[in-house]
Amino acid sequence: KQKESQIKEQRLWIALQTLSIIGFIVLAVAAYRFYRLQHIKKKLELENAQLSQKAEKERNARLQEELALADRNLTIKALQLYEKNEALMDIRHELEKESKLDKKVDKIIDNTIKLEEDWEDFKKHFEEVHPQFFKHLQTHYNKLSQNDLRHCAYIRLGLDNKQIAHLMSVGVDSLKVSRTRLRKKLELPIETDLFKFLSDIG
């Protein structure tokens with residue numbers, strides 16, 4: 001009986017050891033699978049985040065390209081107005097030289113150069129591209145006149161003083177005076193780049 005009891009104890013001990021080993025293997029496999037799943041999950045999350053960042057960068061790049069194209073189209077439109085005014089000024093000059101410029105023709109040329117419809121049409125297209133530009137300026141700088149806003153739009157497009165002067169039907173010297181007044185209304189120090197300041201709006 002004692003021998004049978006010892007055999008039973010040995011069998012029980014072996015069974016317990018076997019169960020312990022099996023339990024350890026099960027836990028090890030479960031832990032490995034958990035670690036593996038976590039690793040895969042983190043890898044997928046990282047890949048998704050990278051894909052999202054890439055998609056966002058591509059979207060922003062497309063938007064920047066579209067904005068740059070829209071700005072170029074606005075500049076072309078403004079330069080077409082400038083060229084029209086330049087041509088009319090040349091016609092006036094040639095007629096003056098030949099003493100063929102009568103008051104009626106001169107008035108027609110002057111009215112065509114100052115045609116308000118040109119500006120309204122340009123303004124409409126400008127607001128489609130930069131919807132917050134004029135709103136921002138009018139909200140934050142309420143001393144700005146319509147001419148100031150017009151001046152700001154042309155600066156925003158990178159036109160030079162001669163082009164802006166023609167579009168606004170003033171001399172270059174008068175424009176420089178207006179530019180100084182504009183800076184004061186915008187409360188900008190002399191060292192601040194006006195083009196960059198306006199480019200950062202809308």
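In this predicted model, the chain carries 37 positive and 32 negative side chains. The centres of these two sets of charges lie 11 Å apart. The accessible surface of the chain amounts to about 15,100 Å², and carbon and sulfur atoms contribute 56% of that area. Of the 202 residues, 25% are buried.

Turning to the overall build, the secondary structure consists of eight helices and zero strands, so that the order of elements from the N terminus reads α-α-α-α-α-α-α-α. The radius of gyration is 38 Å, well over the 17 Å that the globule rule gives for 202 residues, and the chain is therefore more spread out than a compact globule. Along the principal axes, the C-alpha atoms fill a box of roughly 145 × 30 × 25 Å. Among contacts with a separation of 6 or more, 61% join residues that are 24 or more positions apart.

Helix H5 (146–156) offers a good place to look at the interior. This helix is mostly covered, with nine of its eleven residues buried. Among the buried residues of H5 are the charged-type side chains Asp 148, Arg 150 and Arg 156, along with Leu 149, Cys 152, Ala 153 and Ile 155. His 151 also sits in H5, and it counts as buried because its relative accessibility is 1%, which falls under the 20% cut-off. Beyond its neighbours within four places in sequence, His 151 is in contact with Ile 164, Met 168, Leu 175, Ser 178, Arg 179 and Leu 182. For one of these partners, Arg 179, the C-alpha to C-alpha distance from His 151 is 8.2 Å, although the two residues are 28 apart in sequence. After H5 comes Gly 158, which has a positive phi near 80 degrees.

Aromatic side chains provide a second view of the packing. The count of aromatic pairs comes to nine. One of them joins Tyr 141 and Phe 197 in an edge-to-face arrangement, with 6.3 Å from centre to centre and 70 degrees between the planes. Tyr 141 lies in the loop between helix H4 (133–140) and H5, whereas Phe 197 belongs to helix H8, so the pair ties together parts that are 56 residues apart in sequence. With a relative accessible area of 15%, Tyr 141 is buried. In addition, Trp 119, Phe 122, Phe 126, Phe 133, Phe 134 and Tyr 154 form one aromatic cluster. Tyr 154 of this cluster is itself one of the buried residues of H5.

Backbone geometry in the later loops deserves a short note. Most residues other than glycine have a negative phi. Ser 169, by contrast, has a positive value near 60 degrees. Ser 169 is found in the loop between helix H6 (161–167) and helix H7 (172–185), and its relative accessibility of 31% makes this serine partly exposed. Glu 187 likewise has a positive phi, near 55 degrees. Its place is in the loop between H7 and helix H8 (194–199). Because its relative accessibility is 65%, over the 50% cut-off, Glu 187 counts as exposed.

How values were computed:
Residues are numbered from 1 along each chain as its sequence is written. Side-chain values use heavy atoms; hydrogens and water are left out. Helices (H or I, at least four residues) and strands (E, at least two) are DSSP runs, numbered from the N terminus. Buried means under 20% relative accessible area, exposed over 50%, partly exposed in between (1.4 Å probe, protein chains only). The radius of gyration is taken over C-alpha atoms; the globule rule is 2.2 Å times the number of residues to the power 0.38. Contact means heavy atoms within 4.5 Å. Accessible areas come from the Shrake-Rupley method with a 1.4 Å probe; for residues, only the protein chains shown count as cover. The place of a charge is taken as NZ of Lys, CZ of Arg, CG of Asp or CD of Glu. Rings of Phe, Tyr and Trp (its six-membered ring) pair if their centres lie within 6.5 Å; planes under 30 degrees apart count as stacked, over 60 as edge-to-face and the rest as tilted.
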